[in-house]
Amino acid sequence: MKCPICESEISDTAESCPMCGRVIDNADRNRFVPRAGGPAMMYNDPNLHKNVKKYNPMLQGSQPSQQYGQQYNQQFQPPIKKSTMIIIASSAAAIILLTIILVVIFNKKDTGNSQTAKESTTEATTEYTTQSYQFNTGDEFKSKYFVGETWIVDGQWAVTLLGSKKTEERNEFSDKEPAAVYEITYMYTNLGYESEYNDGLYVLFDSNVVDSAGKDGYSYPLSSKQSPKYAPVGATCFCSTFVGLDNDGTFTSILYLYDSNSELYKQSFIIDPEVCADGIPIPAFGPADPKADWENSDVLHIGDTWTVENEWSITIDGVSTVEDGIDINENGYEAVYKIDYTYKNLGYDDKYVYGLYMTLSDMVVDSHGMVGRDYPAMVDDYPKEIDIGETCKAQDCVCVSNSGDFKITIIKCDSKGVKQKKSFVINVN
């Protein structure tokens, strides 16, 4: 039999356990009965807790029903015999071996089926893969464009490469050390491109550049007098940007553009540094009358007020010509205008800014459909951030390629992040 306390094997006639000193009586002997095929099994005895408490100092003064069960489970669980462990290990090994055999059999079967399917559908699979990575160029007969040529996607855009010019100027704050820096001159016209994510068509020639040795070029941080701007439908942007190359010579600029339906287009332009933009006629792809939509009912004029309920109100007060002695013709512009305006905070509240701040030069289009820009002229009243209930009188300057009337479009998100947009036609007397 076994000692009820330490589970040590003891004689059926022993009066006490030689290991723990537990006194063995007839009641203890009667609790152990033979079990076929295994060791003796101990029945549940409600008086056993009393004996345990007497001979186990850890349980003195405690509740037998809780403490005994815990101590018995932790300290006196009968050990698993080696024969039982061998049986369990053998069963597990057999299951694992059977699983491996089944996997091998099914894999061979699937491999055969896959090979058959691959052989029978090679042509279809190749066609699918090609289509998955094929970019639309907008012109099935032309995959490359050169200086003076225009890439047109009907109803979306027209992009013309006007040329490039090498410069020795370097940015002292840049960590790049290019072998050559080029200024790329180009223009693009919005033929109908619209997107809820952008304010108009925006094209960059410095994002994906490859030099004559096949190495990637990069955008180089020099100040452009005519940086790219968003072009609304019908407008044309004349601009330039700078690229740095590790190898001099002819290079390639690759354009990736999404159309209004989010379809991706790709086109390559081969740029020869020896071919400049001088003498290349400026093409015109915009509408015949860029001012056709200037007089619709949704367009405001000088003296009108645009109000967004519980957000802001803004009024164009007047316009005047700026003559500050700066040669604006050097940048390709004919005129600079100063606009007086007043805006009021009616409840605009954005946790990321201190108050309402409004400018007018984000989107400017002249009477010929050319995109204008802000102009860094001195003004008497600069715009500032204002709190709810406050009013600000301010001035902003814009430059245009063609003097005369022009249109500005104010684009701003309200307190809820909803984009609000309104156009003003500025009549220059």
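**Exercise 1. The five-stranded sheet**

Task: Trace the open sheet of 5 strands, and find which strands are its edges.

Solution.
- Step 1. Read the strand order in this predicted model. The sheet is open and runs 4-5-6-9-8, with antiparallel pairing.
- Step 2. Look for strands that pair on one side only. Strand 4 (150-153) and strand 8 (218-219) fit, and they are the edge strands.
- Step 3. Inspect the edge at strand 8. Strand 8 and strand 9 (residues 236-245) run antiparallel and are joined by 2 bridges.
- Step 4. Pick out a facing residue. Across from Ser219 is Val243 of strand 9.

**Exercise 2. The nine-stranded sheet**

Task: Give the order of the open sheet of 9 strands, its edges, and the pairing of strand 14 with strand 15.

Solution.
- Step 1. The order is 12-20-19-16-17-18-15-14-13, and the pairing is mixed.
- Step 2. The edges are strand 12 (300-301) and strand 13 (305-308), as each pairs on one side only.
- Step 3. Strand 14 (residues 312-321) lies antiparallel to strand 15 (residues 335-345), with 9 bridges between them.
- Step 4. Within this pairing, Ile314 has Tyr343 in strand 15 as its bridge partner.

**Exercise 3. A hairpin at the edge**

Task: Describe how strand 13 connects to strand 14, and say which side chains of strand 13 are buried.

Solution.
- Step 1. Strand 13 and strand 14 are antiparallel and share 4 bridges.
- Step 2. The two strands make a hairpin, with 3 residues between them. In the turn, Asn310 has a positive phi of about 65°.
- Step 3. Val308 faces Trp312 of strand 14.
- Step 4. Now sort the side chains of strand 13 by face. Trp306 and Val308 point to one face and are buried. Thr305 and Thr307 point to the other face and are not buried.

**Exercise 4. Ser423**

Task: Is Ser423 buried or exposed, and what does its side chain contact through polar atoms?

Solution.
- Step 1. Place the residue. Ser423 belongs to strand 20 (residues 419-426).
- Step 2. Apply the cut-off. Ser423 counts as buried because its relative accessible area is 16%, and buried means under 20%.
- Step 3. Find the polar partner. The side chains of Ser423 and Thr409 are linked by a polar contact of 2.9 Å.
- Step 4. List the other neighbours. Leaving out residues up to four places away in sequence, Ser423 touches Asp298, Val299, Leu300, Lys407, Ile408 and Thr409.

**Exercise 5. Aromatic rings**

Task: Classify the ring pair of Tyr186 and Tyr188, then find the cluster that holds both.

Solution.
- Step 1. Set the scene. The structure contains 12 aromatic pairs.
- Step 2. Tyr186 and Tyr188 are one such pair, 6.2 Å centre to centre, with 25° between the planes. Planes under 30 degrees apart count as stacked, and this pair is stacked.
- Step 3. Check burial. Tyr186 and Tyr188 are both buried.
- Step 4. Widen the view. One aromatic cluster is formed by Tyr145, Tyr186, Tyr188, Phe205 and Phe269.
- Step 5. Turn to a charge over a ring. The charged end of Lys176 sits over the Tyr218 ring, 4.8 Å from the ring centre.

**Exercise 6. The whole chain**

Task: Summarise the chain by its helices and strands, burial, contacts and surface.

Solution.
- Step 1. The protein chain has 5 helices and 20 strands.
- Step 2. Of its 429 residues, 39% are buried.
- Step 3. Take contacts between residues at least 6 apart in sequence: 64% of them join residues at least 24 apart.
- Step 4. The chain exposes about 25300 Å², and carbon and sulfur atoms supply 51% of that area.

Conventions:
Residues numbered from 1 in each chain as written. Predicted model: local features only at pLDDT ≥ 70, side-chain atom pairs only at ≥ 80, totals over all residues. Heavy atoms only, no water. Buried < 20%, exposed > 50% of the residue type's maximum accessible area, 1.4 Å probe, protein only. Polar contact = N/O pair within 3.5 Å; in protein donor to acceptor, adjacent residues only side chain to side chain. Contact = heavy atoms within 4.5 Å. Areas by Shrake-Rupley, 256 points an atom, 1.4 Å probe, with all protein chains shown as cover. Pairing = 2+ DSSP bridges. Phe/Tyr/Trp six-rings, centres within 6.5 Å; stacked < 30°, edge-to-face > 60°. Lys NZ or Arg CZ within 6 Å of the ring centre and 35° of its normal.
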